[in-house]
Amino acid sequence: MIQTPKIRILETIRQGQIGGGESHLLSLVENLDKTRFEPVVLSFTDGPMVDRLKAMGIQTEVIYTEKPFDISKWKRVKSFIETNKIQLVHAHGTRANSNVFWATKRLRLPLVYTIHGWSFHDDQNPLIKKVRVMGEQLLTRKSDINISVSASNQQSGKNYFNGFESVVVNNGIDLQKFNPERTFNRVRAELGIPQDVTLVLFVARFIHQKQPLKLISAFAKAVKQLPSLRLLMVGDGDQKAEALEMVQQLGIADQVIFAPFRQDVPDVLAAADIFVLPSLWEGLPIGLLEAMAMGKAIIGTKVDGTSEVIRHDVNGLLLPVETLDETLPQTIQQLTDPALRQRLGREARATISSTYSASTMTRQIEGLYDGLLKKYS
């Protein structure tokens, strides 16, 4: 029996660090039907994601750049795509697409663009925002299919671009990996966190968008009222040094534990009681979905993506971005009630089980690949 050659798909992303888009790419690559598809990954920086992909036996290349629209790399990208006989390119995020669309179009290959969150947002300098809107408009028009990770993410595109079209494919979570019934490593013991404290968790990049400094400020107010609280902050980024200095200045260094990005996210989530994501904007935050899958009590902000998943006081608590200084400390204190955490966590897990599975996400994306490949054949 003659075997049909596998379809070589290039999955490309801006960085090798673990973040929301990177976790999405890992889930997609893990769940793709390997009897039909052969994924190849191109990242524009090195990092733990690259190591993990290589350990999985996935061909992974790094062409280093931290710049969007880095014309100096475009020919090298084109050569890589040609040499590896890629048949379809799937760009995850703005920076990745900005550095592959030229090569993809020159080679007359189909291009899929997943918008994990727009690069423009309301609190930017107006000139920067205008330039980024123009960049996104170009990228969405050059792509054959745009994927929005949430309906609100799609609506934002329609609000800014005439004729914008996309397919909504929600991010998906591996419900076996993120299953609270499993046995987990004892992260509290490893990090010296007492079992009898209420542990607040932040897992995200230390960047302006995620507002880690706002969380530290709120936690400082809450822990003064409830000394049994602890805050675990997992991640890295350009605001981490300021965060480390801030806990010293506020006198809460003994109550805040910092850790770099970790591969064992389910173990970290299992150790926590409350998960907080105080973002200024989101596409559809995978870290939030993972915490919900683990049955955690969630505090999120009323922004695109998050507010689409969280129903206030049903499967989590939603706070307006504008009033976090006042509302976040008291909401953290409110969630020291175990019964409330249990109720919200149970509903959070049910939400993910019914709507946000990795296998469902992957089958939808495979269907889009099939349709595009037929058009190009």
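The legends below describe three close-up views of a predicted model.

Residues are numbered from 1 along each chain as its sequence is written, and side-chain values use heavy atoms, with hydrogens and water left out. Because the model is predicted, local features need pLDDT of at least 70 and side-chain atom pairs count only at pLDDT 80 or more, while totals for chains, interfaces and linings use all residues.

**View 1. The largest cavity and its lining.** A search of the whole structure finds one cavity of 30 Å³ or more, a cavity being a set of points on a 1 Å grid over the protein atoms alone where a 1.4 Å probe fits but cannot get out. About 200 Å³ of space lies in this cavity, the volume being the space filled by probe spheres set on the points, which are joined across faces, edges and corners. Its lining (residues with an atom within 4 Å of a point) has 19 residues, and Ser23, Arg52, Lys177, Phe178 and Glu290 lie nearest the centre.

**View 2. The second largest pocket.** About 410 Å³ of space lies in this pocket, a pocket being an open set of points with protein on both sides within 12 Å along at least five of seven lines. Among its 17 lining residues, His121, Asp122, Leu280, Trp281 and Asp304 are the closest to its centre.

**View 3. The buried residues of helix H7.** In helix H7 (residues 151–160), the buried residues are Ser152, Asn153, Gln154, Ser156 and Gly157, where buried means under 20% relative accessible area with a 1.4 Å probe, protein chains only. They pack against strands E5 (111–115), E6 (145–148) and E7 (167–168) and against helix H13 (306–309), contact meaning heavy atoms within 4.5 Å; helices (H or I, at least four residues) and strands (E, at least two) are DSSP runs, numbered from the N terminus.

Key. Buried < 20%, exposed > 50% of the residue type's maximum accessible area, 1.4 Å probe, protein only.
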